[in-house]
Every structure is written in structure tokens, then in C-alpha cells.
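Work through the following exercises with the sequence and the 3D view side by side. Try each task on your own before you read its solution.

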Amino acid sequence: MALNTPLLDQLESGGWPSFVTDLKAYSNKRPQVGQLLNQLNESYENRWNYWIGTVLNVPGYGGGVIARLSQKADKYPDLAQFHTVRIIEPPGWVYNTSKLRELADASEKHGAGILQLHGMSGDVLLLGFDNDQSMSVAEELMEKGWDIGGSGGALRTLQCCVGQARCEMACYDTMKVTKHLTDTFIHYLHRPEFVYKFKFKLSGCANDCANAMMRSDMPIIGTWRGEMQVNQGKVKEYVKAKGRAYVIDNVITRCPTKCISLKDDDTLAVEHQDCVRCMHCINVMHKALKPGKDKGVTICMGGKRTLKIGDTIGIMIVPFMKLETDEDLDKLTEFVERVWEFWNDNGMDHERVGEFIARVGLSTFLAGIGIEPDARMVMRPRSSPYIKFEELAPSRFGGEQTKMPPVWNKEPETTEAAQAQR
Amino acid sequence: MTDMSETKMAPRDQGAPDYKINLHPVMLKNYGKWDYHERVRPGVLVHVAENGEKIWTIRAGSPRTLSADKVREICAVADKYCKGYLRFTTRANVEFLVDDESLIQPLIDEVEKGSLKFPVGGTGPSVSNVAHTQGWMHCNLPGSDAAGSVKALLDELIEDFKSERMPNRVHISSSCCQINCSSHADISVIVQHHHPPRINHSNMQICELPKVVAICPVAAIRPAVVNGHESVEVVKEKCMYCGACHGQCPSMEIRDAETDTLSIWVGGKTSNARTPPTLMKLAVWGLPNNPPRWPEVGQAVRTILDAYRKGGKAYERVGEWIERIGWQRFFEVTGFPFTRYHIEDSSDALLTFNRSTMVRI
Ligand code: SF4
Ligand code: SF4
Ligand code: SF4
Ligand code: SF4
């Protein structure tokens, strides 16, 4: 089929590499790519979209394929079924070229040979398969050690930052934990069993290069306890190179808790107990300052975009957890299972965990997952006095109070009057 | 066509690929033993291990959507200079990893001027690659395109990608419906609809509890009998045109080629550095959905970036800069009008008002 893409052609100029140029050249090899471009050009012409979404399951799996049917299949027969297969990426998106070529080859052999590196959930997206090919590409890649990702009300493909593989900031092994969680819970990736989707994203420090805080139901963020590492010699070197004013303006005054100060001898004084591990000073003076040695993670919960209650950011749930040994990993697994059990038993259809927390209240959620309240979970305590103190109030459904509040022990008249009225 | 259940594939739960076989040997050897890094020049980082070993990263902007041939071209570069090891980033940059300093310039030349023609940049205080979604190329919901509009936008911003001249890093994202797969960023482009969904009653497949009733954020949808058949109706006064129902039910069409517009949001940030993560806020609305190059969007983003570059202090992200100068001044320096639609009316609204006498007069 001849290419007819006058509008897309206008995306071939300019300095940024053009997917149009790439796909046009490639359409010689795979005819459906030409059809895709022609349909896309019609979208540009009419400001309209021609894909219908539907569900397709690879046998034995409930997730991993995003099915698409073209409304213009009579005109573009190769787009009649044009599905995406999600493949779990290597943690941290690291590749050797022989593995990356396997993806290119399999996508070309079975489908349209279009890859997206990567989707916003982290997966490798392979585009352009019909029902059969979705399976054959998955089959072929599985032979080579790959696996398909999640979709629907399932655990979704995990995403992590490069972490300890190439970053001095990383406070835990993001890649290892990502692989561990993926492998441990792979069943939940493949078979949607949840009330709605659940995403983990893992970042090695508060810089959050994996975009976890707003893009995942359970952001796992590296941190440390105790003191950060300060090399005063290198602090002095830095101050000498940049000047005191620069350091004061760009490091000292930017500390959110004002817990660092520059001393007269150009060393840094740190009130470690007030450091909230935001990473700013370390980012700026990374040769002089480093995360502390006793490293672990902070676990938040409930980040996502708008639907239904508006945008949510991860809520602090576990301020610090070690995540190094196998026992630590077991503890994390057990924690995740408790969260899933409570959320899935009580969540409504299509209710992400953050929305669930907003509906039932954080304290109910904490009780449900067996976590004690902690002042670090809130910015400030409540300011509304309308409270039902369960320990102090009479049972709502009759029966004995759990504890008698002292004021009631005086048997005021009002109590007698109330009893008389019963 | 064979019935899929007759074919041989049995369920396998293999899990995530082995990252160790995908790691550059220098990274594998120094795993967890990195000492510091430096920005050598825009687009080039060097990470130095405790034992003094170094790995250089050359970061290039990719268009995210790649043909198999283009992927092989990327592989060829990595084979030639990187011992066959590379990496991608959250924002679809490709990172070439080199353990020999003398190969940096030849690699950059090849990436920029060879068959790839990818720009090198995106490190430090630059505008990184724009995170985007599927758009008209492959989603069933989009009101606009993603790959194309982002390509056009990045043509405008390429010098900001290649240089490190911003106060701090700038993340931009672009989403083609309000589900907003590309999420929070310093600057974000989002489609907006301006009508309630049109319901195709003849096509309506009613499930036991219509999922659209459950999904509507403002409870505007209710079951109704239309022409003797079960269907749903939308209370027009309640509907705020979010399109959530359209995502759930293809018989409820929210998009409109004539009236859909684009809006730009600013000040989102996921990192915890200095200030906690922040949601993005509305900057400007009503931009035309104008393929193939969406010039009005490019212009508005340019305006924001120019103002930020001029007024932001080092290490201030876009949102931090605006919070410091105040939103009133943000609208002054960008020239965007502040309108009634900028005033929050969600359940968080009270917390967004200025409950003080503190204003700049
Ligand atoms: S999140 Fe932290 S540890 Fe991970 S890559 Fe970013 S700076 Fe490094
Ligand atoms: S990490 Fe953040 S909170 Fe801690 S001292 Fe540095 S700037 Fe202050
Ligand atoms: S933002 Fe909306 S239209 Fe775009 S890919 Fe996501 S769901 Fe589809
Ligand atoms: S567009 Fe949104 S608010 Fe309107 S009916 Fe649909 S889901 Fe409800």
C-alpha cells in the first residue's frame, strides 16, 4: 500500500529524531507499518482516533496483552488486529545488545516490528500483533527467558531506578528488590485478581528517579537512619572552589529543616536528628556528603493520577525498614500481602489503594494492615474535634463500654436521665 | 486461524529478566560501590567507583517509538563503543555506557551524525526528553496525538535538551486524555473535553452493575431505560467532562474533534529534594488541538521555560520557582490570564486559597 501521509510528513523536519521518518523507511519491510502511518495521518486530518480497545488473553494469562482493533480495517486490513504485548523489562532498563536484539527480532518476526522503549509503566511495548501472533511472540520470547507484563486489575510491571548499578546515592539494591518482588508475585502480574491495578515503583533515594511517589500504589524509596556521612575535608574544598555565599545560598538555606550550617572554618555543622533525608545537600555536594551507612527504605502508599478522587501522592506508611537480607525481603513480602488482603477484601471495584485509604481513613487502613500509628505519617495532627474515641465511648451496638471514662464515674444526672429514657 | 487454546504455550511464570547479564562489566564489578559522579559536559556523565574505575554515560534523546531496524542501529552503536551494553531512562532517553574516555567523542559524533541522529543531552539542568503516552498511534481513548505532538515540541526545545542552561532539571510530560498516563512533571500538556459524553444507546452493553456508573467521579451517570432498552443517562449539570466513562465504555463518546482543547499544567515534581513532591497546577487552558505541529503548545511551553530560565534560581524546580515568586507574578511574567477556572473547586479547595493577608502589592 502506498504511503499517503502529507500531515505526518511535516513531522520529518526539525532537529529531534522523527519516528515518522523511521517508520516510513521501515514500512518497506512490514506492510502494516505503512497502513499504521496512513491511518495515523487520517487521525491527524480529522483529529480523531480509530482504535477500539478490547480484551485478549494469552492462554493461561489474564494480562499482558493490550488488544486493539482498527475501525478502518476494511481500508487497512493489517490493522484489523493490532495488539500490544507488554514484556517485563530488565530492572533498571539495562540491556546487552544480544538481549535487546531478541526483542527486535521477535517483534519483527511476529508483528509489526515496532517497539516502545519504554511504556510509562516501565514495560517494553511491542506493537502490532494479531491474536495468534500475540501468543507466538510471547512464546518465542519466553523461550529466551523473557516474560509478559501485567494489565487490568493486576499487579503491574515493576519499575526501578538504576540504583546501585551506577549511582552513589542508592540506599538499597533497587534492581534486586524489583526482581525479587516481580518473581515472588509473578502470579498476580499474569492473572488479574485485584479490585484494580497495583503498581510498585522503586527508587534508590528521595530523588525518586523511578517516578514512584505519584505513579505507584507503593513507592519504595531508599533512605538511611542515623547520621549522613560528612567528609569535612571535601566540604572545605567545595567551599573554597565555590565561595561561602554560593554554599550558603544553594546548600544551607535550601535545607528544608534548616539543620545544616556553615561554620567559620568552612566545615559543615549538621543537626542529624532533624535531617529529613531530602537529598538536596548531597545532590549539590555529592563528593563531600553521602547518605548514612545504616541504609534501608521508606515505604509510602497510594500515589496515582486523577481518577476518581483527584491526584494523590504516596502517603508515608513505613518510615524505615531494612531491606538487605532474605529475612528483610520476607518481611516486605509479608507486608505487601497484608496490604493486598485488606484492600482487596474491602476495596470497591476500580478503587486504587490510595482512594481506598481516602475513603476508609488512614487510621482504619493502618488497623487493617496491622501497623501502629506514627506521628511521621502526618504533617500535623487533626484540627477537627469531632472524634469518636472508641476506647471511651459506649458501644454503638449496646453492651458494655470497653473502658469507663473518669467523668462518667461521677454518675451525673444526665446519665441517669438518659438511662431512664431507655 | 487456530484457536489459541489449541496451541502449545503453557503458562509460565518466569519473572523479571536477569539484570546481571545485562549490566556493563564495570557496573557489575562496582555494583553498590560508587563513590561520586560528575557532569563532564551536557549529555555526558562519569561515575567513579570507590576503586577509581570509571564509567561514562552518553545520554541521547530517543523518539521512544522505534522500528526494529532502529533498535538494531542502536545496538550496533553499543556494540562498537560500549561492549554491547546500554540503558534506557524513565523518559525514554538511551544511555550509551563507555569505559574508555577516548571513545566518548567518536560515540557522540556517531550518535548525532550517523544513522541515529539522536541529540546528546538531557543531563543536569536541562529539559529532558518528554514523557508521553500512546495517542492516536495506539490507544483507544486519545483526543490528541502523543508521539507527534511531542516530536514537534522537542523540535522547539532541542537546544534546551542539548544544553544545561536551566536553573534545574525540567521534566515535561504530554498526555492525550485526562487519564494522563504520562503523569506529573514540571510542565505537562493535557487534553480537555468540553461536552458530556454522547451515548450510543443502541450499542450499550449493560453489565450487571454498569461499570460506568461506578467509575464516574461525580456520580453523573445513572441507569435509565431508553427506547425500551436498558442504558444509562448522564446528568449534564453534574458531568465535568473528564472522560472516565469513555475509558470504561466505548458507547459513551466524550471526544470532539472540533471542541477538544489542550491545557498546560506546571509545578509537578516527584522528587523529595528540598520540598516534598508537589502536584501540578493549571497554567493555561484552551489551546487549540492543532496537528500536525501544535504550534500554540510549543509557544506556551517556550514562554514558561523562558520565564523560568530568567527568573529561577539555581536548583529551583519550576514549581519551587513559582512558589517563591508567587502565582500572581507567574501569571504576570508569562502573560497567561488568571481566570475563574484557575480557582480550585475540588474537595481540597479550601487548602488552596490564600488564607492570610500575605500578598505582593
Ligand atoms: S533515585 Fe536516587 S539512587 Fe536512584 S538513580 Fe536517582 S539519584 Fe540514584
Ligand atoms: S538531606 Fe536535606 S534535610 Fe538533610 S541536611 Fe541535606 S538538605 Fe537538609
Ligand atoms: S493518556 Fe489517555 S489516551 Fe493517552 S495513552 Fe493514556 S489512556 Fe490513552
Ligand atoms: S465524562 Fe466524567 S463526569 Fe461526565 S459522565 Fe463521564 S465519567 Fe462522569
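Keep in mind throughout that this is a predicted model.

**Exercise 1. Describe the surroundings of strand 9 of chain B, and find the bridge partners of B:I190.**

Step 1. Begin with the strand itself, which spans residues 187-192 of chain B and is mostly covered, since six of its six residues are buried.

Step 2. Look next at the directions of the side chains: B:I187, B:V189 and B:V191 point one way, while B:S188, B:I190 and B:Q192 point the other way, and the residues of both sets are buried.

Step 3. Now turn to the neighbouring strands. Strand 8 of chain B, made of residues 172-175, runs parallel to strand 9 of chain B and is joined to it by four bridges. Strand 14 of chain B, made of residues 261-266, runs antiparallel to strand 9 of chain B, and six bridges join these two.

Step 4. Finally, place B:I190 between these strands: B:S175 stands opposite B:I190, and in strand 14 of chain B the bridge partner of B:I190 is B:S263.

**Exercise 2. Characterise the shell of residues around ligand 2.**

Step 1. List some of the residues around the ligand, among them A:M228, A:P256, A:T257, A:R277 and the cysteines A:C255, A:C259, A:C275, A:C278 and A:C281.

Step 2. Sort the residues of the shell by character, which gives 10 nonpolar, one polar and one charged.

**Exercise 3. Describe the interface of chain A and chain B.**

Step 1. Count the residues that take part: the contact takes 122 residues from chain A and 126 residues from chain B.

Step 2. Consider the area. The size of an interface is often given as the accessible area lost when the parts come together. Here the area buried between chain A and chain B is about 10700 Å², and carbon and sulfur atoms give 58% of it. On the side of chain A, the residues A:W16, A:R47 and A:R166 supply 10% of the area that this chain buries against chain B, more than any other three residues.

Step 3. Look for charged pairs that cross the interface, of which there are 10 salt bridges. One of the salt bridges in the model is formed by B:R72 with A:E108, whose closest N and O atoms are 3.1 Å apart. Both residues also belong to a network of salt bridges that links A:K29, A:D105, A:E108, B:D69 and B:R72.

**Exercise 4. Compare the settings of three salt bridges, A:K304 with A:E355, A:R338 with A:E334, and B:K29 with B:E53.**

Step 1. The side chains of A:K304 and A:E355 meet at 3.2 Å, N to O. This pair links distant parts of the chain, 51 residues apart, with A:K304 in the loop between strand 14 and strand 15 of chain A and A:E355 in helix 13 of chain A. A:K304 counts as buried because its relative accessible area of 4% is under 20%, and A:E355, at 6%, is buried too.

Step 2. In the second pair, the closest N and O atoms of A:R338 and A:E334 are 3.3 Å apart. Because these residues are four apart in helix 12 of chain A, about one helical turn separates them. A:R338 is partly exposed at 28%, and A:E334 is partly exposed at 39%.

Step 3. In the third pair, the closest N and O atoms of B:K29 and B:E53 are 2.7 Å apart. B:K29 lies in helix 1 of chain B and B:E53 in the loop between strand 2 and strand 3 of chain B, so the pair ties together parts that are 24 residues apart in sequence.

Conventions: Residues numbered from 1 in each chain as written. Chains lettered and ligands numbered in written order. Predicted model: local features only at pLDDT ≥ 70, side-chain atom pairs only at ≥ 80, totals over all residues. Heavy atoms only, no water. Buried < 20%, exposed > 50% of the residue type's maximum accessible area, 1.4 Å probe, protein only. Pairing = 2+ DSSP bridges. Near = heavy atom within 4 Å. Nonpolar A, V, L, I, M, F, W, Y, C, P; charged D, E, K, R; others polar. Contact = heavy atoms within 4.5 Å. Buried area = accessible area lost by both parts, 1.4 Å probe. Salt bridge = Lys/Arg side-chain N within 4 Å of Asp/Glu carboxyl O.
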